[in-house]
Number of protein chains: 2
Amino acid sequence: MHENNLLKNNPIGIFDSGFGGLTVMSAISKLMPKEDIIYFGDSAHVPYGSKSKKVVTDFAVKISKFLIKNNVKIIVIACNTASAFSLNTLKKIVNIPVIGVIKPGSVSAINNTKNNKIGVIGTEGTIKSDAYPKQIKKLNKKIQCYSQSCQLFVPLVEEGWLNSEVTNKIIKIYLKDIVAKNIDTLILGCTHYPLLKKSIQKIIGNKIKIVDSATAVADSVKSLLEKNNLIKQKGIGKYKFFVSDSPEKFKNLGSKFLGNRINKVVKVEL
Amino acid sequence: MHENNLLKNNPIGIFDSGFGGLTVMSAISKLMPKEDIIYFGDSAHVPYGSKSKKVVTDFAVKISKFLIKNNVKIIVIACNTASAFSLNTLKKIVNIPVIGVIKPGSVSAINNTKNNKIGVIGTEGTIKSDAYPKQIKKLNKKIQCYSQSCQLFVPLVEEGWLNSEVTNKIIKIYLKDIVAKNIDTLILGCTHYPLLKKSIQKIIGNKIKIVDSATAVADSVKSLLEKNNLIKQKGIGKYKFFVSDSPEKFKNLGSKFLGNRINKVVKVEL
């Protein structure tokens, strides 16, 4: 019993290539405010979206080992590229639950669509991996998926240009083709994109529902913890932030993503 | 004498975080077509521009060791961020000549300016390091420098949007303030930016001379090789390309930067 309580009180581990995963952390902490969370942002290697499966998986394995050393009870891959590339490898080598963002986002989109036409946007890595269409087809063969990589969205968000004229023009250029396919649901397949959600919605119109995987992932994390009897019962969640580079930058920019002030960020070398 | 010839025939080593340095390689190969060149693109860690001095220098040291193992006679840091952050460290630990892009670009700009007002644009890392203004002030105290980081230029170039309406708008936004300072010379302080040179020139007008450090660096490399009696005397230059990730992508996109087809790219882990 004591051991089980110890496990229950252990933190949730979340990682991403940078800040983006903080949108997922924000959703998890809102849903489960008692849970402690350790967040790792791989800022020395950001972005993952343009890199290969092998390299991203090497990074993901090192980070997971670091999180496990810090006694996390579950690992959340809060990055679409790393989820697409590395979830299966991590599941094999890690003996705690691991969850990515692809499946929860896909399920949420499938539950929403009425005309069975779903759009997916993400980084080059996520889109080329075809992870969302594969996952969606696995769950429902009738659904048509239309994908588009939007390489400029991450730098636009990191530059803080969330609602400028230029941003709107770029959104229009990237989304023109998939909107023309008559989709009724759009998955934001990158954890940076929720910061562009309002601008995207304005451009594609209210008839298309935007599915932001953060909330879906938070629900899945809760279910998985419940299933494994790992829900923390008492107290207020404490948060620790680690990065592989530039703690100051993470502190400043990260607060925007989390929607809360980040006070302390520790740099570690893996 | 034999040994000296051996050294003369050794290749020039060039590195960058990715493709950008190929604009420098292109200038070097045009000026010295007999020279063999080994190019290393650190695509597993691209971009350097948003990362810290410590992390970028760690990468630069590892790459330099790899180049030296491959018998290069000189190392060219064809990346502004790595030049700003790591040139002094590399000079200390390496026993062959090392050259960065900051000094040649600065000298070239100083030689051009008539009103002593120079603008510098680059990545966040290069601009924050203040490397160009420091170098320019060291050479001529009378000159006023105005800097601007342009974080979206690298992703725009990598996306291939070299001359679109959106690109022109973004150039206008970034350059408005420094152009208003009445500069007569603008340094492109990032090796990606020469691909935007035409668009930038169109927007800032022909009265401002754009200094693209690639040509200046090539001249400096030649002088340095001559001074050290290391100029290759015969033959046609052979080129080898190494990357830390995604050789296929490097092959395709790299050809644009080099202005020549790249046939073979080898991936290495450092």
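This is a short dialogue on reading a predicted model with chains A and B.

Reader: How are chain B and chain A related in space?

Author: Start with the general idea. Two copies of a chain are related by a rotation about an axis and a shift along it. Now this predicted model. A rotation of 180 degrees, with 0.0 Å of shift along its axis, puts chain B onto chain A with an RMSD of 0.0 Å. That is the relation of a two-fold axis.

Reader: Which residue of chain B has the C-alpha nearest the axis?

Author: B:His45. Its C-alpha lies 2.7 Å from the axis.

Reader: Through which surface do the copies meet?

Author: Compare the interface residues of the two chains. Of those in chain B, 100% are also interface residues in chain A, so the copies meet through the same surface. The contact counts are 31 residues of chain B and 31 residues of chain A.

Reader: What area is buried between chain B and chain A?

Author: The general idea again. The size of an interface is often given as the accessible area lost when the parts come together. Here the area buried between the two chains is about 2,300 Å². Carbon and sulfur atoms give 60% of that. On the chain B side, B:Leu152, B:Trp161 and B:Val166 lose the most area to chain A. Together they make up 19% of what that side buries.

Reader: How many salt bridges cross the interface of chain B and chain A?

Author: The rule finds six. B:Glu165 forms a salt bridge with A:Lys169, with the closest N and O atoms 3.4 Å apart. As for polar contacts, 14 residue pairs are counted between the chains, both residues at pLDDT 80 or more.

Reader: Which elements of chain B give two or more residues to the side that touches chain A?

Author: Helix H3 (53-69), helix H8 (153-158) and helix H9 (165-179) of chain B. The largest share, six residues, comes from H9(B). By class, this side of chain B has 13 nonpolar, seven polar and 11 charged residues.

Reader: Now pick a single residue. Is B:Val76 buried or exposed?

Author: Check the relative accessible area. For B:Val76 the value is 0%, so this residue is buried. B:Val76 sits in strand E3 (residues 74-77) of chain B.

Reader: What is B:Val76 in contact with, leaving aside neighbours within four places in sequence?

Author: Its contacts include B:Ile12, B:Phe15, B:Val24, B:Ile28, B:Ile99, B:Val217 and B:Val221. Sequence separation can be checked too. B:Val76 and B:Ala218 are 142 residues apart in sequence, yet 9.4 Å apart in space, C-alpha to C-alpha.

Methods
Residues are numbered from 1 along each chain as its sequence is written. Chains are lettered from A and ligands numbered from 1 in the order in which they are written. This is a predicted model: local features need pLDDT of at least 70, side-chain atom pairs count only at pLDDT 80 or more; totals for chains, interfaces and linings use all residues. Side-chain values use heavy atoms; hydrogens and water are left out. Contact means heavy atoms within 4.5 Å. Buried area is the accessible area (1.4 Å probe) that two parts lose on being put together, summed over both. A salt bridge is a side-chain nitrogen of Lys or Arg within 4 Å of a carboxyl oxygen of Asp or Glu. A polar contact is a pair of N or O atoms within 3.5 Å; within protein, one must be able to donate a hydrogen and the other to accept it, and residues adjacent in sequence count only if both atoms are side-chain atoms. Helices (H or I, at least four residues) and strands (E, at least two) are DSSP runs, numbered from the N terminus. Ala, Val, Leu, Ile, Met, Phe, Trp, Tyr, Cys and Pro count as nonpolar, Asp, Glu, Lys and Arg as charged, and the others, Gly among them, as polar. Buried means under 20% relative accessible area, exposed over 50%, partly exposed in between (1.4 Å probe, protein chains only). Copies are superposed by least squares on the C-alpha atoms of residues with pLDDT of at least 70 in both.
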